[in-house]
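These are my comments on the model, set out as numbered points. Please read them with the structure open beside you.

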Amino acid sequence: MDKKAYLLAEAKPITQYTDAAQYLELPEFCRKHGKFFLVGPISPLNMPDGPQETMKRNVRVSVSRLLEERSDLLIFPVRSTGRSTSIHITIGRTKNNDIVVPDVSVSKFHAFIRIDEQNRPFLQDAGSKNGTVISGRPVPARGDGKAMELRSGTRVRFGSVEFAFQDAEHFRDLVTTLGRPT
């Protein structure tokens, strides 16, 4: 398996969810695929050639434009993979994270998501070099402020890579809409 395939093993093209979105009831869909998703582009990823420091980047990718064009979308289920030793869902550039975003602007351990007792997801930056942003608002680093709640449809940026955060219900609607012929 090449490096790119290995790092993106947990991410799938949006087309792999089309049948499940159309034919599974929501509870069954959640059991099979998870309750939360990051929908994002693959094309702008600037993958490192090997171990290196996180690079400072200011390039922004418009996920809303990609959603409109229905191209280059990858789906990152927001759930524990067992690779991380954390009780939270970790996000970062290296393979020991639950969600691997192999871009040089993403820190090795960039951010983490915790799900509270009411099944609400909260995002916290892990002290990353390029920061984490929800809908234009910086997410405080651990120890510098409270985690921010993620709501379906919000934009989330790790370094310079932007995603749309979706809960299962809205994600199914999106996939069903994108799966219809134009």
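1. I begin with the loop between β6 and β7, which is where N119 is placed; helices (H or I, at least four residues) and strands (E, at least two) are DSSP runs, numbered from the N terminus. N119 has a positive phi of about 65° although it is not a glycine, and this residue is partly exposed, with a relative accessible area of 34%. Here buried stands for under 20% relative accessible area, exposed for over 50%, and partly exposed for what lies in between (1.4 Å probe, protein chains only).

2. The model is a predicted one, in which local features need pLDDT of at least 70 and side-chain atom pairs count only at pLDDT 80 or more, whereas totals for chains, interfaces and linings use all residues. Residues are numbered from 1 along each chain as its sequence is written, and side-chain values use heavy atoms, with hydrogens and water left out.

3. The strands on either side of that loop, β6 (residues 111–115) and β7 (residues 121–125), form a hairpin with five residues between them. Their pairing is antiparallel over five bridges, where two strands are taken to pair if DSSP finds at least two bridges between them. Within this ladder I115 stands opposite P121, and A111 has D125 as its bridge partner.

4. β6 also pairs with β4 (residues 89–92), again in the antiparallel sense, over three bridges, and here T90 is matched with F112. These strands belong to an open sheet of five, ordered β5-β4-β6-β7-β10, with mixed pairing. Because β5 (99–100) and β10 (148–149) each have a single partner strand, they stand at the edges, and one side of each is left without a neighbour in the sheet.

5. A second residue to check is S135, in the loop between β8 (132–134) and β9 (137–138). Its phi is near 45°, a positive value in a residue other than glycine, and S135 is partly exposed, with a relative accessible area of 37%.

6. Which residues of helix α3 (residues 26–33) are buried? They are F29, C30 and H33, and they lie on the same side of α3 because they cover an arc of only 100° around the axis, the arc being that of the directions from the helix axis to the C-beta atoms. P27, R31 and K32 are exposed on the face turned away from that buried side, and just after the helix G34 takes a positive phi of about 110°.

7. The largest nonpolar core has 23 residues, and those with the most contacts inside it are L38, V78, I99, L123 and F158; such a core is a set of buried Ala, Val, Leu, Ile, Met, Phe, Trp, Tyr and Cys residues joined through side-chain atoms within 4.5 Å. Among the elements that give two or more residues to this core are β4 and β6, while β12 gives the most, with three residues. Leaving aside its neighbours within four places in sequence, V78 is in contact (heavy atoms within 4.5 Å) with F36, F37, L38, I89, I99, I113 and F165. Apart from this core lies another, of 17 residues, which includes Y17, F29, V39 and V175.
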